[in-house]
Each structure stands twice: as structure tokens, then as C-alpha cells.
Amino acid sequence: MTDQHDPTLRPDTLTVAAGRPAREEQAPVNPPVVLSSTYFSTGSPDGGDLVYARLGTETWLPLEEALGTLEGSTLPALVFGSGMGAISAALDLVPAGGEVIIPRHSYHASLVAARHLAERSQVRVTEVDIADTDRVTAAVRESAARGHEPVLWVESPTNPMLEVADLPALAEATHAAGGLVIADNTFATPLGQRPLTLGADVVVHSVTKYLAGHSDVILGAALTDDEGLHERLRTRRSIGGAVAGPWEAWLALRGMRTLALRVQRSQQNAAALAEHLRTHPLVAAVSYPGLPDHPQHERAAAQMSGFGSILTLRPVGGVEGAEALTRALRLWLPATSLGGVESSLERRRRFAAEAPTVPEDLLRLSVGIEDVADLIADLDRALAVAAQYAG
Ligand SMILES: *Cc1c(COP(=O)(O)O)cnc(C)c1O
């Protein structure tokens, strides 16, 4: 479609250049949005033809090409109607009677989807601490010994506990056991980490978050270098029907054009906030992979470029303090989701389905691109309100 496939282009450049229409006289610089559910077609359509928009539509293609290039894949991404659409399709790669090993602090809907699979089709689900490489490796070997080709689900950093997995080591162990690695790369973004180049077989994204970046789109994507897996995921998309609308695909690509700037700024803000909160008298605990005292700081530094824009904190006032803090904010948005230009936070345990190992008073902060001085001032004021509950 375009001549921006030059592999020597750097990732930040690719976010701007990939997925453009051909460089021809009179061509638009942005791809068009095509609103048509069906296509003029006769005879027997071969794989690549546009026939019906649930099977494929040209409005998806520029985003799929850009995301594929950005993740370092030889094949385009497959966009889905949501992150969970992509995750459900990826979980369908687990064979009936198979086993999936999954972080206990995965995105909670991914865990629920895996558990549903277990209830329906006797898939075995083993929940692990993904940062504990020895334990995960042992779980993979035990699974192979039971006769499975294990599927290892990796989220790194995890949501919301920010545990960092040793992706290359876990991929090597899983492949040695004849298994498959699927990585949710939503938190890191392709600019922070490229799981396919670290050994993962499939990557999934909630495009809703950083890639689209403006809290106005629900969208997902799955990626793989493997033709066979690509075809199976495409089939799951066509049959499952979790397909993207044309406007969402277009908006996501538009949002992705500024990904590098947004990630750079929000990471800078997150690092400054983590540093400020680390010694704050009204903060009981703060976690950020970029802090030297994060348990997997070295691993994150080796595997990622940048430490992301999510951090967690526990105020001194406990659950009541965390709730009061949330209500006292004037700039930070109390809201779920993450990865938008605006800073937001939430107490994760307000969801009954959140893992019980997540502390009750833990606040997950998604740091945006505002002036960090304003973010700090707002948070400091709210921390003082939370502190009234300490004691
Ligand atoms: C939000 C999220 C998802 C789910 O994506 P949707 O677009 O909401 O369906 C999956 N994984 C992670 C890590 C997420 O943050």
C-alpha cells in the first residue's frame, strides 16, 4: 500500500510515516474512510479480495500495516472491535483440553475470559506470579509433562501490580516445552517493548489505551509473524464478529501519529511523579518500574525502552483515605481505563472482580501529558485530605 515499509526507519518515525496512501500525484495524505458493508464482487473470491466488511475492509488496512511495522512483525496486525475481542480470539488458540498459564495480576477481563474457557472446555488455567521466572518456568515444564503444549499468557508490566516478566527467558522455556507465548503489550506500547522480537508468538493490544490515546475509541489488535497463527486469528475475528468500525480504525491511526510524543511526555511526567512521591510523607508506598527499588527494575531497563506511564500509590489514610483522595482531586480524573492524554486514577479494588492480592487502598495512576507541576499540586492537596484518615 505504501513505500513506508523501510525497516531502517526508527519507531518514532514509523508512527508518523507508516500506513499512508501511496505517494502519487493527487493522492490524499491520509487514508479515506469507506462506509460500505459489502463490495461489488463476482465469482469465487480469493483470500485477498474485499467481499464483505466483517471479513475485511480497506479502512482497517492502513492501521494494520502501521501497527504491524511498529511491532516489528513481517505480517500486518489484525484489528478487532476491542482489546477483549483480540484477547478472546487469542485465547481461542488454546486447544480444547489444553493449558494456559496466566499472570494472577493480568487485566481482570483477560483472567475472567481464561476462567470461562476453563469452565466451558476443560482448559486448565494455572495462575502464576509472572515476575517469578523460576516458578513460571516450572509451571510450563509441569504442563508439558502433563502432555500439554502450554500457552503462556504474559502481561508485562502487569495491571495493576506492575510486575515485569523476563520475556526472553520465559519464551525460551515455553518454546522448549513445545508451547506458545502470547503477550499483552498494552501498557508498554510498541515503542516501549516489542514482544515479537523478545520471543513472543502473538501480541495483543487494547488499542483503546495508548495507541489511540484520547479516550474516545474502543479498539483492539492482535499480531503475529506466523502465517498459520495469523490465519487462525483472522478466522476467529470473522466468525466471532468482534470487528472494528471504520471510524474507530481511522481515529486510532490518527491518534497513533502522536504516540511517540505522548509516550515521551507522559513517561517523563510519570518518572517525575514517582520521584516526588517516593519520599512523600503522606504516601505509604509507591511503585514504578523506573524506580531503582522496584523489584524488577533491572529487568525492565534491559527489556524495555522507557518504563511506561503507569504508577501505583497507597496513601497513608488507607481505603477511606484513597476514596477521599479520589473525590478531592480537581485536575486528575477519577476514571477507569488508562493511556489517554489526560491523567486519571482509580482505586482498583472498587471492582469486586479485582484480584484480592491487590491492596485495598492501592490507586493506579495513568499519567498524562499535562504540565507535571499541576499534576503534583493537585495530588499533594488530595494526599493531605487522605491523611486526615490516617491514624
Ligand atoms: C484495557 C485493557 C484490555 C482490554 O481492552 P478493551 O479495549 O477495553 O477491550 C486488555 N489488556 C489491558 C492490559 C488493558 O489495559
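The legends below describe close-up views of a predicted model, going from the ligand and its surroundings to one residue in a helix.

**View 1. The residues around the ligand.** In this predicted model, the ligand is surrounded by 14 residues, and those that come nearest are Met84, Asp184, Ser206, Thr208 and Lys209. Sorted by the character of their side chains, the residues of this shell divide into five nonpolar, six polar and three charged. Helix α3, which spans residues 83–91, supplies the largest share of the shell, namely three residues.

**View 2. Polar contacts of the ligand.** Oxygen atoms of the ligand can be followed here to three residues, Met84, Ser206 and Lys209. For Met84, the partner is a polar atom of the backbone, which lies 2.8 Å from an oxygen atom of the ligand. For Ser206, an N or O atom of the side chain is found 2.8 Å from a ligand oxygen, and for Lys209 an N or O atom of the side chain is 2.7 Å from a ligand oxygen. Taken on its own, the ligand has 380 Å² of accessible area, and the protein covers 93% of that area.

**View 3. Arg120 in helix α4.** Arg120 belongs to helix α4, the run of residues 108–121. Is this residue buried or exposed? Arg120 counts as exposed because its relative accessible area is 59%, and the cut-off for that description is over 50%. Along the chain, Arg120 and Ala96 are 24 residues apart, while in space their C-alpha atoms are separated by 9.3 Å.

Methods. Residues are numbered from 1 along each chain as its sequence is written. This is a predicted model: local features need pLDDT of at least 70, side-chain atom pairs count only at pLDDT 80 or more; totals for chains, interfaces and linings use all residues. Side-chain values use heavy atoms; hydrogens and water are left out. A residue is near a molecule or strand if one of its heavy atoms lies within 4 Å of it. A polar contact is a pair of N or O atoms within 3.5 Å; within protein, one must be able to donate a hydrogen and the other to accept it, and residues adjacent in sequence count only if both atoms are side-chain atoms. Accessible areas come from the Shrake-Rupley method with a 1.4 Å probe; for residues, only the protein chains shown count as cover. Helices (H or I, at least four residues) and strands (E, at least two) are DSSP runs, numbered from the N terminus. Ala, Val, Leu, Ile, Met, Phe, Trp, Tyr, Cys and Pro count as nonpolar, Asp, Glu, Lys and Arg as charged, and the others, Gly among them, as polar. Buried means under 20% relative accessible area, exposed over 50%, partly exposed in between (1.4 Å probe, protein chains only).
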